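Me: Please take a close look at one part of this model, a single loop residue, and then describe the helices and cores found elsewhere in the chain. I should like one connected explanation, suitable for a first-year student.

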Amino acid sequence: MAKYNLTVNKKSYPVEVADDTPLLWVLRDSIGLLGTKFGCGMAQCGACTVHLDGTAVRSCVLPVSAVGNAEVTTIEGLSEKGDHPLQEAWCEVDVAQCGYCQAGQIMTAAAFLKDNPKPTEQEIVDTMSGNICRCGTYHRIREAIQVAASKTH
């Protein structure tokens, strides 16, 4: 077991885990942040998406040893009051059905909008195509991203 001092949502967390433990399980099992979900375990569905220094990454395949000094942001840390433009747009458009994939969807979209604040519909489709929604709310996800983008400018 190795000791790590992770910065997650601007707080420091000392953890002791095996080097190859996926960040997802450190977040959920060691730190107790349950917003990030396990979906496939192969970085194919996007449910486990978090930010590593602002970049969207799949935490189910990222070993904790690769985090280094980077700052991790989970859905719990995206905004203090749940008022990130995407979170508000998600509610406004009524995106969620089962809600299981939504944290990963929002985290992917947040990193995308940070780098591309005025995306085209096709850019949204292309970026979000790696995130699976088993309920099929893709049209509402796309609409919520457009709503959030329009409100931030």
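Reply: Ala 43 is situated in the loop between H1 and S3. The model is a predicted one. Although Ala 43 is not a glycine, its phi is positive, at about 60°. The relative accessibility of Ala 43 is 24%, so this residue counts as partly exposed, since that class lies between the buried limit of 20% and the exposed limit of 50%.

Two further residues have a positive phi. Asp 53 is not a glycine, yet its phi is positive, near 50°. Asp 53 belongs to the loop between S3 and strand S4 (55-58). With a relative accessible area of 54%, Asp 53 is exposed. Gly 32, placed just after H1, has a positive phi of about 90°.

The loop of Ala 43 begins after H1, and that helix deserves attention next. Which residues of helix H1 (residues 23-31) are buried? They are Leu 23, Leu 24, Val 26, Leu 27 and Ile 31. The cover over the buried residues of H1 includes strand S1 (2-8), strand S2 (11-17), strand S3 (49-52) and strand S5 (71-73). S3, which follows the loop of Ala 43, is thus among the strands that cover H1. On the other side of H1, the loop between S2 and H1 holds Asp 20. Asp 20 is exposed, its relative accessible area being 59%. Between the C-alpha atoms of Asp 20 and Pro 85 there is a separation of 35 Å, the two residues being 65 residues apart along the chain.

The nonpolar cores come next. In soluble globular proteins, nonpolar side chains tend to be buried together. The largest nonpolar core of this model contains 24 residues, and the ones with the most contacts inside it are Leu 86, Trp 90, Leu 113, Ile 141 and Ile 145. At least two residues of this core come from each of helix H2 (85-93), H3, H4 and helix H5 (138-151). With 7 residues, H3 contributes the most to the core. What does Leu 113 touch, apart from its neighbours within four places in sequence? Leu 113 is in contact with Leu 86, Pro 119, Ile 145, Ala 148 and Ala 149. A second, separate core has 19 residues, and Ala 2, Val 17, Leu 23 and Val 26 are included in it. Leu 23 and Val 26 are also among the buried residues of H1.

Three helix pairs can now be described in turn. In the first pair, the axes of helix H3 (residues 102-115) and helix H4 (residues 121-128) come within 10 Å and cross at roughly 130°. H3 and H4 are therefore oblique to each other, because an angle between 115 and 145 degrees is counted in that class. The crossing of this pair is right-handed. Gln 105, Thr 108, Ala 109 and Phe 112 of H3 meet Glu 123, Ile 124, Thr 127 and Met 128 of H4. Sorted by class, the residues of this contact are 4 nonpolar, 3 polar and 1 charged.

In the second pair, H3 packs against H5 at an angle of about 40°, and the axes lie 11 Å apart. This angle makes H3 oblique to H5. H3 crosses H5 in a right-handed manner. The residues in contact are Gln 102, Gln 105, Ala 109 and Leu 113 from H3, with Ile 141, Ile 145, Ala 148 and Ala 149 from H5. The contact of H3 with H5 comprises 6 nonpolar and 2 polar residues, with no charged ones.

In the third pair, H4 and H5 have axes 10 Å apart and pack at an angle of about 125°. That angle makes H4 oblique to H5. The crossing of H4 and H5 is right-handed. Here Glu 121, Ile 124, Val 125 and Met 128 of H4 meet Ile 141, Arg 142, Ile 145 and Gln 146 of H5. The contact of H4 with H5 divides into 5 nonpolar, 1 polar and 2 charged residues.

To return to the starting point, Ala 43 is a partly exposed residue in the loop between H1 and S3.

Note on methods:
Residues numbered from 1 in each chain as written. Predicted model: local features only at pLDDT ≥ 70, side-chain atom pairs only at ≥ 80, totals over all residues. Heavy atoms only, no water. Axes fitted to C-alpha atoms, helices over the stretch in contact; angles between N-to-C directions. Helix = DSSP H or I, 4+ residues; strand = E, 2+ residues; numbered from the N terminus. Parallel < 35°, antiparallel > 145°, perpendicular 65-115°, else oblique. Left-handed = near helix turned anticlockwise from the far one by under 90°. Contact = heavy atoms within 4.5 Å. Nonpolar A, V, L, I, M, F, W, Y, C, P; charged D, E, K, R; others polar. Core = buried A, V, L, I, M, F, W, Y, C linked by side-chain atoms within 4.5 Å. Buried < 20%, exposed > 50% of the residue type's maximum accessible area, 1.4 Å probe, protein only.
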